[in-house]
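Trainee: I am new to this structure and would like a close look at one part of it. Could you walk me through the place where two domains meet, and then show me what else is worth finding on the way?

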Amino acid sequence: MLARKTLHLIMACTASVSVGLASLSIASAQATQYAEKPPLLLGAAWYPEQWPESRWEADLELMEAAHLHLVRVGEFAWSVMEPAEDKYDFAWLDRAIELAAKHHICVVLGTPTAAPPAWLTTKYPDTLRMDEKGVRDEHGNRQQFSFASERYRKFAHEITEKMAERYGHNPNVVGWQLDNEYAAPSFDPEAKAQFHAWLKAKYGTIDNLNNRWTTSYWSQTYDNFDEIPVREKGENPGLLLDWKHFVSDTWKSYSANQISAIRPHADKRQFITTNTMGWFDGFDEYVVHSNLDIAAWDDYIGDEHYDWLDNGARHDMTRGFKDKNFWVMETQPAFVNWHAVNSTLARGQVRDMAWQAIGHGADAVAYWQWRSALNGQEQYHGVLVGADGTPVPVYDEVKQVGEEFDKTGKALEGTTPQSSVALINDYDSRWAINFQRHNRNFDPVAEMVNFYGPLYKQAQSVDVISVHDSLDKYKLVVAAGLNVLSKETADHLLAYMKQGGNLVLGPRSGMKDEYDALNVERQPGPLVDALGGRVEQFYALEDKVPVSGDTGSGSASLWAEQLSAKAVDTQVLLRYGASNGWLDNQPAAITRKVGKGTITYVGAWIDDDLLAKLTSSLLQQHGVKPILPDAPDGVEVCQRKGNGHSVLILINHNTAKAHVKLPHEMRDLLGDGSRTSVDLPAYGVDVLSEK
Ligand code: GAL
């Protein structure tokens with residue numbers, strides 16, 4: 001069924017046909033102008049430059065038939081936009097955008113800087129990135145540029161500005177994606193010199209740096225900034241952490257360069273974003289998002305199987321980058337081409353994933369990609385249309401999603417998930433732990449997801465945020481491994497607790513200061529006094545250690561910290577059983593009141609069951625209630641609120657059907673009428689609103 005808005009757009013477009021060719025282009029370009037675009041967008045990455053123009057209309061017709069209202073275009077098309085230095089050709093792109101508009105499809109323009117043309121890198125090889133060993137990339141593949149190269153930035157600015165001058169007021173262009181998946185830094189001489197200058201600006205004097213990095217260790221003392229090596233591994237932890245900060249700032253300025261080319265020429269309504277990669281930790285996403293308008297990410301399932309909790313956590317983290325709804329700029333139409341075994345999502349799971357994105361606050365979902373180029377590195381990747389230009393089997397499932405987005409868009413417009421629980425995502429801590437895992441299996445992201453799982457299942461909504469964000473609205477804040485904890489951050493957390501907030505710190509918290517040096521108080525560093533206890537010693541575990549307390553019994557693996565409870569009012573929640581002698585009968589988790597709130601320290605990587613019991617007791621204690629208390633296991637419950645609407649999204653991630661009782665009669669937005677319970681088949685979805 002065509003949504004009312006779409007019908008209106010078609011009428012607007014049809015009306016323009018009678019007024020002649022010149023005005024047609026303007027009228028049809030207005031057909032999907034921003035104010036008229038559907039509130040939920042389904043779309044695909046489309047590469048018109050890879051196809052004869054005579055084919056475009058057929059593609060767009062198929063997209064329109066599947067209710068796709070969005071294409072992302074242009075992000076690798078530099079050699080077509082600027083075939084030779086200073087020779088531009090945008091006529092094809094003008095026509096592609098206009099034709100998309102005719103089919104009620106709006107456009108996100110990608111700046112093409114992730115794939116420089118051969119003329120550029122051949123004439124200016126200094127723009128190519130260099131690896132740690134000093135080897136320059138050659139032309140080929142993609143992302144072969146140096147993110148720090150001033151010359152590359154000049155070219156990037158020029159091509160971006162040309163695009164912005166041309167499309168900054170195009171009513172059918174809704175936003176901009178800068179580059180594509182920022183990733184590898186460069187270690188070329190220019191980047192190194194910038195790192196040295198960055199260090200000088202941060203530390204002022206070399207003595208200050210020597211002091212913060214404790215460079216008397218192994219005779220590392222530097223006489224001036226230029227002597228400092230640039231490496232990603234095996235160096236002083238202070239250096240490694242600063243390199244990551246430098247890389248984050250450099251990607252931010254890489255964005256700023258292109259933003260400064262777009263903003264002066266673009267309507268305010270056109271957003272600027274870039275597409276990120278979930279748990280990727282090459283830079284601090286909060287820094288890189290600070291000059292972007294919205295967050296957008298590429299949702300590919302990590303290890304060939306769809307782990308809905310892990311995927312949900314990545315959605316929530318992306319929402320947290322700007323603390324507002326986000327876009328899924330790419331996702332897989334069933335399978336990818338870059339795993340060892342590129343297994344497919346089962347029938348129904350593509351729809352399941354699309355709705356999960358919406359449930360967690362996405363306002364757009366775009367598939368990568370519409371159709372494979374006939375040649376190129378990604379011929380085996382999942383698509384919506386095959387080499388012959390006709391739909392592949394998953395197209396129908398995507399079409400169903402498109403129909404459903406059109407149906408529910410109005411109700412979901414202006415709504416967003418709302419949480420009273422937050423999980424901290426801290427890049428400094430993730431890096432610091434990864435620099436020195438001490439137990440090779442201690443993956444800081446896995447430990448975050450360990451906490452996220454039960455919190456999400458029990459509270460049914462979790463924000464994943466930076467430790468520097470405002471915490472006031474949360475009843476419970478959990479930092480799974482806040483390894484780097486400065487005095488300033490500790491004060492921020494203390495202020496939260498004193499006002500009634502409840503903080504839970506996981507293992508390895510508070511070990512380091514902001515220079516990655518050891519905190520002299522032991523763990524949790526500047527929060528030792530508030531906790532009334534501390535970590536006496538940490539142990540990497542090979543074998544499991546029993547752990548028990550009032551909430552239940554279980555075991556610790558990978559990591560165990562021997563805690564002490566020094567203050568009289570510090571309570572022991574969990575204790576270790578018999579183990580290496582050091583841990584026997586020692587506290588494993590302790591808690592204490594702080595002002596109107598509490599601090600809890602969990603010193604061990606504890607098993608899923610025991611962790612679930614612990615989080616359940618903490619949530620109850622601090623008054624966090626689930627949205628739908630009796631939802632069956634594996635049925636995800638998402639709620640978006642706002643704009644006077646409250647919408648429930650139910651997703652059955654199980655392979656068996658599930659019955660869900662609703663709290664009261666609700667309106668079924670996918671089916672008809674209202675209901676008090678829902679039967680969901682395997683991977684089934686329903687969307688309901690308050691009557
Ligand atoms: C993404 C990338 C796309 C495409 C896709 C394939 O990382 O942004 O251009 O390569 O992977 O899964």
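**Where two domains meet**

Mentor: Happy to! Let us start with one pair of side chains: Arg 319 and Asp 463 form a salt bridge, with their closest N and O atoms 2.7 Å apart. Keep in mind as you look that this is a predicted model. Side chains of opposite charge can pair when their charged atoms come close. Between domain 1 and domain 2 the count is 2 salt bridges, and the interface also holds 10 residue pairs in polar contact.

Which elements of domain 1 touch domain 2? Those that give two or more residues to this side are helix H10 (237-262), helix H11 (285-289) and helix H12 (308-322). H12 gives the most, with 10 residues. By kind, the residues on this side of domain 1 divide into 10 nonpolar, 5 polar and 8 charged.

Now step back to see how the chain is laid out. The protein chain is divided into domain 1 (4-189 + 241-412), domain 2 (421-621) and domain 3 (635-689). The contact between domain 1 and domain 2 takes 23 residues from domain 1 and 24 residues from domain 2. The C-alpha centres of these two domains lie 38 Å apart. The size of an interface is often given as the accessible area lost when the parts come together. Here domain 1 and domain 2 bury about 1,900 Å² between them, and 63% of that is on carbon and sulfur atoms.

From the interface, turn to the ligand. The residues around the ligand include Phe 76, Arg 142, Asn 180, Asp 298, Tyr 300, Glu 330, Trp 368 and His 381. Glu 181, Trp 338 and Glu 378 are also among them, and these are good side chains to zoom in on. Glu 181 has a polar side-chain atom 2.5 Å from an oxygen atom of the ligand. For Glu 378, a polar side-chain atom lies 2.4 Å from a ligand oxygen atom. In the side chain of Trp 338, an N or O atom is 2.7 Å from an oxygen atom of the ligand.

Trp 368 is worth a second visit, as one of the residues around the ligand. A cis peptide bond joins Trp 368 to Gln 369, with omega about 0°. Gln 369 sits in the loop between strand E9 (362-367) and helix H14 (394-412). Most residues other than glycine have a negative phi, and most peptide bonds are trans. Another cis peptide bond runs from Gln 523 to Pro 524, with omega near -5°. You will find Pro 524 in the loop between strand E13 (502-505) and helix H18 (528-531). As for phi, Asn 141 is not a glycine, yet its phi is positive, about 50°. Asn 141 lies in the loop between H6 and helix H7 (150-167).

Helix H6 leads to one last pair. How many salt bridges are there by this rule? The count comes to 32. In one salt bridge, the side chains of Lys 123 and Glu 85 meet at 2.9 Å, N to O. This pair links distant parts of the chain, 38 residues apart: Lys 123 is in helix H6 (residues 118-123), while Glu 85 is in the loop between helix H4 (78-81) and helix H5 (91-102).

Terms used. Residues are numbered from 1 along each chain as its sequence is written. This is a predicted model: local features need pLDDT of at least 70, side-chain atom pairs count only at pLDDT 80 or more; totals for chains, interfaces and linings use all residues. Side-chain values use heavy atoms; hydrogens and water are left out. Domain bounds come from an automatic or database domain assignment. Contact means heavy atoms within 4.5 Å. Buried area is the accessible area (1.4 Å probe) that two parts lose on being put together, summed over both. A salt bridge is a side-chain nitrogen of Lys or Arg within 4 Å of a carboxyl oxygen of Asp or Glu. A polar contact is a pair of N or O atoms within 3.5 Å; within protein, one must be able to donate a hydrogen and the other to accept it, and residues adjacent in sequence count only if both atoms are side-chain atoms. Helices (H or I, at least four residues) and strands (E, at least two) are DSSP runs, numbered from the N terminus. Ala, Val, Leu, Ile, Met, Phe, Trp, Tyr, Cys and Pro count as nonpolar, Asp, Glu, Lys and Arg as charged, and the others, Gly among them, as polar. A residue is near a molecule or strand if one of its heavy atoms lies within 4 Å of it.
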